[in-house]
Amino acid sequence: MTHAEKRAQYLADARQIVATAQATGRPLTQQESTRIESLIADSKQAAVAQAADDLRAPFAGVVKQSESKRDTAQQVGAAFGVRSITPSTTGFARQEWSQGIVASLDLPTFLDSIPGAVKHNITEPTLKVAVITADASAAVVAAGAAATAADPTTALVTLNPYRVVTLTEISREVVSAMPDTALQAFGDSLTVSVRRKVEALAINGSGSSQPRGILNTTGAWGIALGGAMSNLDFIADAVEKVQRAGGQPTAIITSPAVVREMLQIKSATSGSNLPVLQANALQPFANGATGLVLNGLPVIVSTSVPADGGASGNASYLAVLDGNALHYAFQSPSQGAAPVELARSTDGSDYFAKDLVALRATARFDLAVANPLGLCIVSGITVA
């Protein structure tokens with residue numbers, strides 16, 4: 001029986017109950033009223049399920065890798081009594097701690113500060129994006145002559161978001177005794193933990209059962225400084241390498257330690273306290289930026305950039321990046337939901353016997369440098 005047929009049957013049964021009562025000239029009993037309400041609710045669920053089937057039918061057998069699925073998840077979930085996940089800006093409020101899935105929150109990271117970087121918000125497990133790594137060759141063609149076909153060089157970027165989770169346990173008595181502000185701060189700390197892990201993966205991910213981080217990009221340009229910074233000429237070299245490959249640098253990514261060293265390089269060899277690194281009035285300390293600009297490029301800081309490498313354990317890194325070469329994705333549970341899912345254990349879980357509440361924050365994340373020649377990594381920068 002189809003969902004449409006079930007809906008028709010539910011409504012017919014409800015009409016029959018009313019007709020029977022009218023035929024005997026009596027009002028509906030409480031039991032009959034309750035039964036009618038149940039049948040009407042069932043008919044609405046069947047209508048939603050049928051609508052979902054109707055939306056999917058035209059796309060049966062068709063797969064589009066880079067197009068998000070139509071959002072029927074919330075409709076189907078509602079039909080079965082599953083509460084949909086909607087974006088929240090409040091996090092864990094006291095009322096929400098009594099529920100299962102409580103909210104979904106945005107997850108701002110330093111990646112959002114990179115001009116030109118392409119962010120994908122997806123619901124499917126895998127996203128494939130075709131990108132052009134080299135333009136097609138153009139030629140001068142005489143009037144009336146045939147042009148020779150030339151295709152651009154393309155690469156297929158595959159993003160398979162990995163699950164990033166933090167889980168903590170807390171006594172139910174402590175939860176009940178916490179003031180609202182403390183509950184809020186506790187919930188926020190889970191999101192901060194996920195954000196820090198995402199940033200660490202975006203910088204240093206090995207690519208083995210986790211995202212491959214920017215500093216581990218295979219085929220990127222490389223410059224080995226091998227010492228302290230006496231000047232910033234190596235920045236010009238890194239910019240030139242990216243431009244030589246047809247890219248246009250949009251940002252510098254580095255560690256707080258390297259920023260400190262750069263601020264100590266003055267614009268004159270003597271008698272000047274003016275650093276070469278200047279303030280960026282358009283982006284003052286926002287979204288992970290340092291509020292600084294160098295050679296026209298915003299300097300973005302991340303504590304995930306190592307500052308303890310090299311033989312002496314005090315070497316750091318700097319990356320000059322064409323943001324257009326960077327693609328990153330967050331997979332959300334449904335269309336319109338934010339990247340971080342905040343949830344707590346229910347009374348039916350293993351935590352019930354312990355009288356504990358388990359809190360979990362989950363994000364699904366991946367990134368890729370689509371064109372490695374759009375990235376130059378400077379290594380071996382000695383820092384104090």
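How many bridges join strand 5 to strand 14, and in which sense do the two run? The count is 10, and the strands run antiparallel. This is a predicted model, and the report below starts from its overall make-up.

## Overall make-up

The protein has 7 helices and 15 strands. It holds 384 residues, and buried residues make up 40% of them. Take the contacts with a separation of 6 or more: residues 24 or more positions apart account for 72% of these.

## Strand 14 and its partners

Strand 14 covers residues 356–369. Of its 14 residues, 12 are buried, so the strand is mostly covered. Its pairing with strand 5 runs over 10 bridges. In that pairing, Tyr162 has Phe365 of strand 14 as its bridge partner.

Strand 12 also pairs with strand 14, in the antiparallel sense, over 5 bridges. Here Tyr328 is matched with Leu367 of strand 14. Strand 13 is joined to strand 14 by 4 bridges, again antiparallel. The bridge partner of Ala343 in strand 14 is Arg360.

## Strand 13

Is strand 13 enclosed or open to the outside? All 5 of the 5 residues at 340–344 are buried, so the strand is largely enclosed by the rest of the structure. Its side chains point two ways. Val340, Leu342 and Arg344 point one way. Glu341 and Ala343 point the other way. Both sets are buried, the charged residues Arg344 and Glu341 included.

## The nonpolar cores

The largest nonpolar core has 40 residues. Phe110, Leu111, Ile114, Ile253, Leu326, Phe365 and Leu367 touch the most other members. Several elements give two or more residues to this core, among them helix 5 (180–204), strand 5 (162–171), strand 7 (251–254) and strand 15 (375–382). Strands 11, 12, 13 and 14 do so too. In soluble globular proteins, nonpolar side chains tend to be buried together.

Ile253 shows how such a core member is surrounded. Leaving aside neighbours within four places in sequence, Ile253 contacts Phe110, Ile114, Ile203, Ile214 and Ile300, among others. Its contacts also include Val305, Tyr317, Leu318, Ala319 and Leu321. Another core, of 25 residues, lies apart from the largest one. Leu232, Leu277, Val299 and Leu318 are among its members.

## The second largest pocket

The second largest pocket has a volume of about 320 Å³. It is lined by 16 residues, and those closest to its centre are Val157, Thr158, Leu367, Ala368 and Val369. Strand 4 (153–159) and strand 14 each supply at least two residues of the lining. By type, the lining divides into 9 nonpolar, 5 polar and 2 charged residues.

Leu367 links several of these topics. This residue is the bridge partner of Tyr328. It is listed with the core residues that touch the most other members. It is also listed with the lining residues closest to the pocket centre.

## Ala238 in helix 6

Where does Ala238 lie? Ala238 is part of helix 6, residues 233–244. Its relative accessible area is 0%, so Ala238 is buried. Not counting residues up to four places away in sequence, Ala238 touches Ile223, Val320, Cys376 and Val378.

One of these contacts spans a long stretch of chain. Ala238 and Cys376 are 138 residues apart along the chain, yet their C-alpha atoms are separated by 5.7 Å.

Terms used
Residues are numbered from 1 along each chain as its sequence is written. This is a predicted model: local features need pLDDT of at least 70, side-chain atom pairs count only at pLDDT 80 or more; totals for chains, interfaces and linings use all residues. Side-chain values use heavy atoms; hydrogens and water are left out. Buried means under 20% relative accessible area, exposed over 50%, partly exposed in between (1.4 Å probe, protein chains only). Two strands pair if DSSP finds at least two bridges between them. On a 1 Å grid over the protein atoms alone, a cavity is a set of points where a 1.4 Å probe fits but cannot get out, and a pocket is an open set with protein on both sides within 12 Å along at least five of seven lines; lining residues have an atom within 4 Å of a point. Grid points are joined across faces, edges and corners, and a volume is the space filled by probe spheres set on the points. A nonpolar core is a set of buried Ala, Val, Leu, Ile, Met, Phe, Trp, Tyr and Cys residues joined through side-chain atoms within 4.5 Å. Contact means heavy atoms within 4.5 Å.
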